[in-house]
Amino acid sequence: MHVDAQRVDTGKKSDIDALKVSIRTERELGNIQKAELLTQNLQGIVAKSQNPELQADLATITAENEISRTRYPHAIELLKSAELAYSRSSNDLALAYVYTMLGYAYYSMSDYPLALDYYHRGERIYNALDDKKSLSMVGSYMGLALGAIGDYDGAILAYQTALDHAIEQGSDAEKSQVFYSLGGLNAKMGDHRSALAYFYSSLEIDTKRGMVQNIAFNNALIAESLLALSDFEAAESHANEAIRLFNEVKSTEYADMYKLTLAKIHIARGSYDQANDVIQNVLHTANGRFPALTLNALVVAAQHAFLTSEHEISIDYADQGIKKAKQAERLPIEVQFHEAKVNSLEAMNRFDAAFIALKELMRVKEKLNNENKVEAIARAQAQTETVRKELELDLKLKEQALEQAGLSEKLLLKNFFIGLILILFSLLFVLYRRYTLRKANERLEWKVRIQTRELSEKNEQLIQSLKLIESESITDTLTGLKNRRYLQKFIKTDIALCDREFSDWHQGKSRKPIGSDLLVFIVDIDDFKQVNDRFGHQIGDEVLIEFSKRLEHVFRQSDYIVRWGGEEFVAVARFVDRKSAMVLAQRLVKAINDTKFEMHDNMALPITCSVGYVCYPLIPTNVVSCHLEKLLEMSDACLYLAKASGKNTWVGLESVNDEEAFAEDFNKSWLETLIRQKRVTIRREPGK
């Protein structure tokens, strides 16, 4: 659908919606520049309307444009501002879409745990809305992230579920995305023939829909799989088609990225001069403009130099790549550079330097392995209740297998002898490889003593790695709530957004923020030690689990609820008005003490809690940034006052009158001093 943006009536919502659809359509067709021009027209309409939700729509659409341009940090910033607006207006569908796009942006930056967290947030909302089309989209994206961290079973399950939803909805766009993703997963696992079947199915759908950029991506990955299968002529044809289409839609970075595929095809054919011309052209174009492209070009350049026996040049490329990969925190590609360096040093018989490089390679691999484990822990639970269903393409593949099974006995016999010959060649290759390895071991035998001494150091590193993995977990295993590390990771962005909103108001750039406060609650179960001492830890655990569930009923899905430690919990009500803090605190105390806690043995326990909270910004008329630890100190001081008031109540710090009030270490005594000096505004439960 195409709309003349110049004729859009700013007063008609239907026309504005049509313009938004037109922007997304142009982008899907690969017309990024036209989409950006239409976005500028939408920006003019939004500026006149001053409608917060329309501003959020503009931020989301602009972020999508930025993602198409691979400008992910700016896209994330825009999406965060849209998340804030949609959370206030309770626009769940738009909020779920923003979560999905945030997941995709973080996935593109290789932050897979964060990507999965946002995907799951979006998925929960789509499930509640029973939006099958959107569930198909987010499921496909989740499959990509799960495949990236090596959870292939989880990825396949996500893709199958996504395809089920797409078939149910009759959505060609989502079917194409699932087929494309499944192709990528099979290619990653080394099954390039299956990958090609999926890529061609996706290409067929996208060709019918006229999605130029998608067609380009399919051609590019088809070229990669054909290269892996040594079908160089077909691979070159598809690579050139991908490059042509990317240039057509002005996606220069992607065009250059798949010129590297062309270079790898030239290398595989032995056309080293042609390959070098392509590599140098890409390096020249990418340098300083496209960091990810530069890294990939340096990998191919190092491999090319090694194959042409230019080992010093290969080492130089590897060293450049290692430095850039460290700066970008890209461990997987850093491993490739270290491998290239080790290979070149060995080829030059510089065994001492090779051994040092090998040690560094092992260290980086170990670090990468630890990160992968952390990512696996951070991954949300796969949807195990979904039964796998057969995909339409799998049925075609099985039919082909049945046809093969019906071949004549003569053909089977021929295949048997061919297979036997291949096995013999494989055995000869294995024997030759073992011989070369034995020679290499002899050359390095004298270094064994050094390695033995390092074993104790490695054991210590392993212990530290295990501790790291444990600390990196973001979910409390008992209650299922997030833990303190999760809150520490995300709250910084919320505080920054809050600061920016109030700062813009103070500088006259915007109106006074409404519903932009953060409310930080510390909730402590009263006399929990007595529960454990009297009834045992099993009952204590049941109380903690039930307590967590009641907290979730008080706060919104978009708020943060974490188990801080023991019987202490922290909740953050995000982007609300501070006037609602007292209501939330009262509702929280009431939710806990109104109904007794039912235990497994039919015992009912009366449980109460005490609550302390603080509102942020601390001085609404003068933004003074404050970190989480200081806010928790203040909430904790309020909690102590609540405990001192007889428990089963709440105390809140609504505002601070001067900056010096929170310059000191904040505790109960200091808060009492500030109250006496009337330098803070305190709220208490009526009658307490």
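Questions on the sheet, the helices and the rings

Biologist: Which residue in β4 stands opposite I561?
Modeller: In this predicted model, strand β3 covers residues 560–565, and five bridges join β3 to strand β4, residues 568–576, with the two strands running antiparallel. One bridge partnership in this pair sets G565 against E568, while the residue standing opposite I561 in β4 is A571.

Biologist: Which residue takes a positive phi in the hairpin of β3 and β4?
Modeller: The hairpin has two residues between its strands, and the bridge partner of G565 in β4 is E568. Within this hairpin, the residue with a positive phi near 60 degrees is G566.

Biologist: How many bridges join β1 to β3, and which residue in β3 does N483 stand opposite?
Modeller: Strand β1, residues 482–483, runs parallel to β3, and the number of bridges that join them is two. The residue of β3 that stands opposite N483 is R563.

Biologist: Which strands stand at the edges of the open sheet, and why is one side of each left without a neighbour?
Modeller: The sheet is open and made of seven strands with mixed pairing, in the order β1-β3-β4-β2-β7-β8-β9. Each edge strand has a single partner strand, so one side of each has no neighbour in the sheet, and these edge strands are β1 and β9 (680–684).

Biologist: How many of the six residues of β3 are buried?
Modeller: To be called buried, a residue must have under 20% relative accessible area. Strand β3 is mostly covered by that standard, and the number of its buried residues is five.

Biologist: At about what angle to β3 does helix α22 run?
Modeller: Helix α22, residues 484–506, lies across β1, β2 (517–525), β3, β4 and β7 (609–616). Its direction relative to β3 is at about 135 degrees.

Biologist: Are the planes of the Y486 and F490 rings stacked, tilted or edge-to-face?
Modeller: The count of aromatic pairs in the model comes to 20. For Y486 and F490, the ring centres are 4.5 Å apart and the planes stand at 45 degrees, so the pair is tilted.

Biologist: About how much of a helix turn separates Y486 from F490?
Modeller: Y486 and F490 are both buried, and ring pairs link them with Y99, Y106, Y118 and Y560 into a cluster. Both lie in helix α22 and are four residues apart, a separation of about one turn.

Biologist: How many residues apart in sequence are the parts that the pair of F521 and F555 ties together?
Modeller: The rings of F521 and F555 form an edge-to-face pair, 5.6 Å centre to centre with 65 degrees between the planes. F521 lies in strand β2, whereas F555 lies in the loop between α24 (537–554) and β3, so the pair ties together parts whose separation in sequence is 34 residues.

Biologist: Is F521 buried or exposed, and is F555 buried or exposed?
Modeller: The relative accessibility of F521 is 0%, which means that F521 counts as buried. F555 has a relative accessible area of 6%, so F555 is also buried.

Biologist: Why is the sulfur of C638 not in a bond with the sulfur of C615?
Modeller: The cut-off for a disulfide is a pair of cysteine sulfur atoms within 2.5 Å, and by this rule the count comes to zero disulfides. C638 is buried, with a relative accessible area of 0%. The closest cysteine sulfur to that of C638 is the one in C615, and this is too far for a bond because the distance is 9.2 Å.

Biologist: With which residues is S87 in contact, leaving aside its neighbours within four places in sequence?
Modeller: S87 is found in helix α4, residues 72–89, and S87 is buried, with a relative accessible area of 9%. Leaving aside those neighbours, the residues in contact with S87 are L95, R556 and S558.

Biologist: How far apart are the end C-alpha atoms of helix α7?
Modeller: Helix α7, residues 132–148, is mostly covered, with 15 of its 17 residues buried. At 1.5 Å a residue, its 17 residues should span 24 Å, and the end C-alpha atoms agree with this, being apart by 24 Å.

Biologist: What share of the 688 residues in the chain do buried residues make up?
Modeller: The chain has 27 helices and nine strands. Across the chain's 688 residues, the buried share is 48%.

Note on methods
Residues are numbered from 1 along each chain as its sequence is written. This is a predicted model: local features need pLDDT of at least 70, side-chain atom pairs count only at pLDDT 80 or more; totals for chains, interfaces and linings use all residues. Side-chain values use heavy atoms; hydrogens and water are left out. Buried means under 20% relative accessible area, exposed over 50%, partly exposed in between (1.4 Å probe, protein chains only). Two strands pair if DSSP finds at least two bridges between them. Contact means heavy atoms within 4.5 Å. Axes are lines fitted to C-alpha atoms, for helices over the stretch in contact, and angles run from 0 to 180 degrees between N-to-C directions. The expected span of a helix is 1.5 Å times one less than its number of residues. Rings of Phe, Tyr and Trp (its six-membered ring) pair if their centres lie within 6.5 Å; planes under 30 degrees apart count as stacked, over 60 as edge-to-face and the rest as tilted.
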